[in-house]
Amino acid sequence: MAEDKPAARSGSFENLVSDYGAGGEFHQHAGEGDERLTTAQGVTIADNQNSLTSGTPGPTALEDFILREKIFHFDHERIPERVVHARGFGAHGLFECTKAIPEITRAAPFQKEGKITETFVRFSTVAGSKGSMDLARDVRGFAVKFYTDEGNWDLVGNNIPVFFIQDAIKFPDLIHSVKPEPDRGFPQAQSAHDNFWDFISLTPESMHMVMWQMSDRAIPRSFRFMEGFGVHTFRFVNAEGQSSFVKFHWKPKLGLQSVLWDEALKINGADPDRHRRDLWEAITAGDFPEWELGLQIFDEEFANRFDFDVLDPTKIIPEELVPLTIVGTLTLDRVVDNFFAETEQVAFCTQNVVPGIDFTDDPLLQGRNFSYLDTQLKRLGSPNFTKLPINAPRGCPVHNFQQDGHMQTSNRKGRVNYEPNGWGKGPRAHPLEGYVSYAVRNEGEKRRLRPESFADHYSQARQFFLSQTPVEQGHIRDALVFELSKCHEVEIRARIVAHLLNIDGALAQAVADGLGLTEMPEPAPAARPTRTDLPPSDALSMLKNPPPSFAGRTVGVLAGNGVEAELLTELRSILQAEGAMMKLVAPQVGGVTDSAGTLHPADEKLGGGPSVIFDAVAVLPGTDAAMLAANPAAQDFLTDAHAHCKFIAHRGAEPLIEACALGAKMDEGWVEIGSSSDIDGFVATCRGMRHWPREATLGGNPPLARTFSP
Ligand code: HDE
């Protein structure tokens, strides 16, 4: 067997190599350091490579407790994935109060300017399994755990401020409809199928959310460029017991940004982990993403002036009506040490609130308050999940008489395990500092009845659509046409168009045209006629709120050997000054040698780093111009960058440009760079993120031409 001996290795890998001894027996080198490999019982393991067998080879002995313990533990590594939001990624952070509001809430994080509260945030998609791709068209979860001085507060929100349904009892049906169809087990992580749109077409209250879901908000550039929303109206309560309503908004300091649908499709192939990789890379590079927490605070009397119900989770309150009060900044500054222990085992629960924060009678929120605790027990297997480090309160002690249960680690010492007790031992309730629910007067009949005030399903859907720029409206149309084209039942397509007729006639017409519907359906019967007088709200458009700079973005540079040394160095340093990054894509991952003879290792090999994963590109082929012009991956790189309206810097790239037949199509989004001032100009141009005027010239669907309205 000696001929199977592994090749000798050098350097730090040496001690990791298992090897054959001179006599042919297989053994392991001693590891470096004092740490010994042990069983879970603490017994030091002598051989971690070979099972205990009777004869060599021979049957494995049942008494090999080392093998059995190791495999047993492995067999039980998986826990049930979340029913929804299975695919997620978390990071640690800090919330700093920038404006104290003790007069409005007694909640600990908001009592003093400068007050820091530790947080853990988990972003997620809703529909896909744990192993699905990051860039599904989907709502993103934005769940924040605040480890406050008075207990844990979980704000379990989404990147869209409204929801599909008004009542928790409909949630299982909604989720069943979007998940893989039960007979065939597909499609994965997609709403583009009959079951989802069938359900939606029979659920008019979902139409507002559908407009958001079909917008580019559902294909974010990464977590760092998304807003977050608490969705429900919550209550704040101050130390005097006075209450106000509050809605929570997270605003990314880097601004909002999304990808195009064609990019999403390609990114899912090129890098299905795009969003988690992006967050990981940003945080480990010290480029910590930040969000401001904005609050919409209003009282009951003000709420009663709206003609919709603030307890209806399918409605927003436009920021123009109740502007945001910015009260703090969330900074994500630490990646997890272990994905399973932290991101997977974190247990968010909407009912985790602290003194100063209370619920409202939003029927969706009420249902959630039951569901989350229940789901954590199923997932984590024991009521003691609260004691896992990621879930345990950090800012305050925990004292109670809860005991035992699976995986108990911290039963109280001593005889007393009940309250009140005459032993004078143990924790007692504190009527003044403890959590007191806001005393809401509730009266009425016990019935199953949706409030009348929840009946308008179309007015805000229309308001959202009309608040978008023509480019954004075009994308909503395209998304609807794409999704409905994946529905095989013509009837389902027509039912959706019937709802769109209640939102905007031009949109309905454009979708019907895109689907090739032969007959325009009648508008869906509406419980309330659509209001046509709601003013557009600029806050609802992403493109009307452009990012402040190109910071946090990445330029992908396709370079060849002989690339001008100065150009490359300057581009990198000007991007750095902007807070942006440069990544090098080269024919070989070993890199390219510039005109001064310096080797630049590549970040990506050409083909493995397509332009869809960058925000803008530069094409600097150097002396490899002819070779790159003939390379299909280089052609895709440039053709896609153009088709996705990216800004493109170039120098000496004429052969590639001609090979892509783009010579005549070069517009203002193309910038030739030769000098530092050209590079400055290119980076300044990149602040616009995309050259949208190009979209209309690409031969796809032009921005929506509005023809008529309902
Ligand atoms: Fe959730 N939701 N949800 N949800 N949700 C879960 O809890 C549920 C809803 C949201 O990163 C589950 O721990 C019901 C709205 C996020 O761990 C489950 C209803 C909003 C996350 C559950 C809703 C959300 C979840 C699955 C209707 C936005 C991921 C795993 C009444 C405001 C949290 C889990 C994380 C997760 C139930 C509706 C956001 C099954 C019954 C509305 C961000 O308990």
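**Exercise 1. Locate R87 and state whether this residue is buried or exposed.**

Solution. R87 belongs to the loop that joins α1 (65-75) to β3 (88-97); helices (H or I, at least four residues) and strands (E, at least two) are DSSP runs, numbered from the N terminus. The model is predicted, so local features need pLDDT of at least 70 and side-chain atom pairs count only at pLDDT 80 or more, whereas totals for chains, interfaces and linings use all residues. Residues are numbered from 1 along each chain as its sequence is written, and side-chain values use heavy atoms, with hydrogens and water left out.

Next, take the accessibility. The relative accessible area of R87 is 5%, so R87 is buried (under 20% relative accessible area; exposed is over 50%, partly exposed in between; 1.4 Å probe, protein chains only). Finally, the side chain of R87 reaches the backbone oxygen of K130 at 2.9 Å.

**Exercise 2. Determine which element gives the most residues to the shell around the ligand.**

Solution. Begin with the shell: 21 residues surround the ligand, and R82, R122, R368, Y372 and Q376 are the closest (a residue is near a molecule if one of its heavy atoms lies within 4 Å of it). By class, ten are nonpolar, eight polar and three charged.

Then consider individual side chains. An N or O atom in the side chain of R122 lies 2.6 Å from an oxygen atom of the ligand. For S371, a polar side-chain atom is 3.0 Å from an oxygen atom of the ligand. The elements giving two or more residues to this shell are β5 (140-148), β6 (151-158) and α9 (363-380). Of the elements, α9 gives the most, with six residues.

**Exercise 3. Test the span of helix α16 against its expected value, and describe its surroundings.**

Solution. Helix α16 (residues 632-643) has twelve residues. The expected span is 1.5 Å times one less than the number of residues. This gives 16 Å for α16, and the end C-alpha atoms are 16 Å apart, which agrees.

At the start of α16, a side-chain oxygen of N631 comes to within 2.7 Å of the backbone nitrogen of A633. Within the helix, the buried residues include A634, F637, L638 and A641. After α16 comes C645, with a positive phi near 60 degrees.

**Exercise 4. Establish whether L517 is buried or exposed.**

Solution. L517 lies in the loop between α13 (505-515) and β13 (554-559). Its relative accessibility is 17%, so L517 counts as buried. The C-alpha atoms of L517 and V497 are separated by 9.4 Å, and these residues are 20 apart along the chain.

Methods:
Polar contact = N/O pair within 3.5 Å; in protein donor to acceptor, adjacent residues only side chain to side chain. Nonpolar A, V, L, I, M, F, W, Y, C, P; charged D, E, K, R; others polar.
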